[in-house]
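Open the structure in your viewer and keep the sequence panel beside it. The tour goes from selection to selection and says what is found at each.

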Amino acid sequence: MTDKHLEPFDAVVLMSFGGPEKDADVLPFLQNVTAGRGIPDERLVEVGEHYYGFGGRSPINDQNRALLAALEQEMAERGLRTPIVWGNRNWEPYLTDAARALAQDSGSARLLAIDTSAYSSYSSCRQYREDFAGTVRALADEGLSVEFDKIRQYYNHPGFAQAELACVREGLDQLEQLTGGLDAQRQRILYVTHSIPEAMETASQKRTAGYEAQHRQLIDWVTGELGERAVLESELVFCSRSGAPHVPWSEPDVNDRMEELSEQGVTGVVLVPMGFVSDHMEVKFDLDTEARETAQRLGMDFVRAGTVGVRPQFVAGLVDLLEERAAQVRGDDVDAPAVTAEGPLVPGSGACAIDCCLGAVERPTHPTWAV
Ligand SMILES: CC1=C(CCC(=O)O)c2cc3nc(cc4[nH]c(cc5[nH]c(cc1n2)c(C)c5CCC(=O)O)c(CCC(=O)O)c4C)C(CCC(=O)O)=C3C
Ligand SMILES: [Fe+2]
């Protein structure tokens, strides 16, 4: 096979949230996450307990190690020789350290980033671009020149969408096995994503369909693909709200909705964590622990569907997106497939422009796409 490179990039960076690895990491990690964000202390204590309950170790880092290895393998199989590294916002390995290591030899590096979040919002897109800006500045102070670009938000890329569809199909199979058959009257699919503040939702609508609407578009696509298997009604619910009680966040909460549905005679649910690419702490605690307890209390049949994780369609889709972005930056003609009406959210276009997902506070982002 001939060697290929993702020209003009020197390396790929898998960019994620980061998480603690042991008890002693939990507090400093939470301080990193919440610096200046106005999260009530009670909420921090509560979230700290979630991590201590899992030995102080977030599942997210091992999941990123697995994703990194899967991406490496997929790139190698395509003959792509561009190196790939991993960097985080809130814990080691930090993005700035990963970028420094890449730039140290030649004094500069041009990096193409994958973020581990699929939808458009400040938390899931723009904030990562602020991190890039922070790294660019920090390394400039050290005399190193780094530049970032990123792949598009991929909630409607066929790779992610097909992998999500596979998760839903498996979840339905499990509920069917558990209860002896799917029952349109008494069972529901609950698609779950991370709740965000209403102001963040509004900001996400500036240049795209918006965070919530993107989830709904993908749900509609999945429902269509399920065909005759689309027996159960489905809806979108939220988890992991963390703001002060008087600040509005996306609703309904998954537990509240399960209570309501139970009162209406629903006896079984499949939870599909479509807002998370792997089984993060939110999935392990808020769904596998808390929502499962809610189901037990209500006497409901409960299935938690998988996340896309390292499913081959998802991993191959991410590498397709690397090739797509590199081609766009080179100015080559390239197909940008998408399964929903919004179409591909091309970086640098309106979908991910300088004011995309910008809320009340403006902090510098990188790349500083002007359009
Ligand atoms: C949309 C979204 C995603 C999905 C997109 C993406 O993946 O990026 C996401 C991911 C994650 N969030 C995570 C952890 C936390 N998020 C917090 C706080 C917040 N999240 C928010 C939103 C999101 N968060 C928001 C609006 C806040 C309020 C404060 C703020 O505006 O920043 C807090 C503070 C305590 C609390 O209040 O919960 C923690 C500890 C972890 C790691 C989990 C692990 O360890 O496995 C992951 C992957
Ligand atoms: Fe979060």
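## Stop 1: the shell around the ligand

Select ligand 1 and the residues around it: by class, this shell holds nine nonpolar, 12 polar and three charged residues. The model you are looking at is a predicted one.

Of the 24 residues around ligand 1, those that come nearest are G19, S58, S117, S242 and H280. Label these five residues before going on.

Now colour the helices that take part. At least two shell residues come from each of α1 (23–34), α2 (41–52), α5 (122–141) and α10 (281–298). The largest share belongs to α1, which gives three residues.

## Stop 2: two domains

Colour the chain by domain, with domain 1 covering 11–154 + 311–352 and domain 2 covering 158–304. The contact between them takes 35 residues from domain 1 and 29 residues from domain 2. On the side of domain 1 that touches domain 2, α2, α3, α5 and α11 (312–330) each supply at least two residues. The most comes from α11, with six residues. By class, this side of domain 1 divides into 18 nonpolar, 13 polar and four charged residues.

The centres of domain 1 and domain 2, taken over C-alpha atoms, are 25 Å apart. Which of the two domains does the shell around ligand 1 draw on? Domain 1 and domain 2 each give at least three residues to this shell.

## Stop 3: S58 and Y128

Select S58 and Y128 next; an unreviewed UniProt entry lists both under "binding site".

S58 sits in the loop between α2 and α3 (60–77). Is S58 buried or exposed? S58 has 24 other C-beta atoms within 10 Å, so S58 is buried, the cut-off for a buried residue being 20 or more. Not counting residues up to four places away in sequence, S58 touches G19, P20, Y51 and M281. Two residues already labelled at the ligand, G19 and S58, are among those that come nearest to ligand 1.

Y128 belongs to helix α5. Y128 is also a buried residue, because 25 other C-beta atoms lie within 10 Å. With residues up to four places away in sequence left out, Y128 touches M15 and D115.

## Stop 4: along helix α5

Stay with α5 and show the whole helix. Put a distance between its end C-alpha atoms: they are 27 Å apart. At 1.5 Å a residue, the 20 residues of α5 should span 28 Å, so the two values agree.

Which residues of α5 are buried? They are Y122, S124, C125, R126, Y128, R129, D131, F132, T135, V136 and L139. An α-helix has 3.6 residues a turn, so residues three or four places apart point the same way. To see what the buried residues of α5 pack against, show β1 (11–16), α4 (95–103), β3 (108–115), β4 (145–150) and α7 (198–204).

Then step past the end of the helix. α5 is followed by G143, which has a positive phi, near 85°.

## Stop 5: R100 in α4

From α5, move to helix α4 and pick R100. R100 is partly exposed, because 18 other C-beta atoms lie within 10 Å. Its contacts, not counting residues up to four places away in sequence, are L139 and L144; L139 is one of the buried residues of α5. Add V146 to the selection: R100 and V146 are 46 residues apart along the chain, and their C-alpha atoms are separated by 8.4 Å.

## Stop 6: H194 and E282

The last selection is H194 and E282, which the unreviewed UniProt entry also lists under "binding site". They span 89 residues in sequence, yet no two of their C-alpha atoms are more than 8.3 Å apart, so they gather at one spot.

H194 is in strand β5 (residues 187–194), while E282 is in helix α10. H194 counts as buried because it has 23 C-beta neighbours inside 10 Å. E282 counts as buried too, with 21 C-beta neighbours inside 10 Å.

Which residues does H194 touch, leaving aside its neighbours within four places in sequence? H194 is in contact with C239, S240, G275 and E282. On the same terms, not counting residues up to four places away in sequence, E282 touches H194, C239, S240 and F276.

Notes:
Residues are numbered from 1 along each chain as its sequence is written. Chains are lettered from A and ligands numbered from 1 in the order in which they are written. This is a predicted model: local features need pLDDT of at least 70, side-chain atom pairs count only at pLDDT 80 or more; totals for chains, interfaces and linings use all residues. A residue is near a molecule or strand if its C-beta atom, placed from the backbone, lies within 6 Å of it. Helices (H or I, at least four residues) and strands (E, at least two) are DSSP runs, numbered from the N terminus. Ala, Val, Leu, Ile, Met, Phe, Trp, Tyr, Cys and Pro count as nonpolar, Asp, Glu, Lys and Arg as charged, and the others, Gly among them, as polar. Domain bounds come from an automatic or database domain assignment. The expected span of a helix is 1.5 Å times one less than its number of residues. A residue is buried if 20 or more other C-beta atoms lie within 10 Å of its own, exposed if 12 or fewer, and partly exposed in between; C-beta atoms are placed from the backbone. Two residues are in contact if their C-beta atoms, placed from the backbone, lie within 7 Å. UniProt positions are given in the numbering used here, feature names are shortened, and annotations may be inferred rather than shown by experiment.
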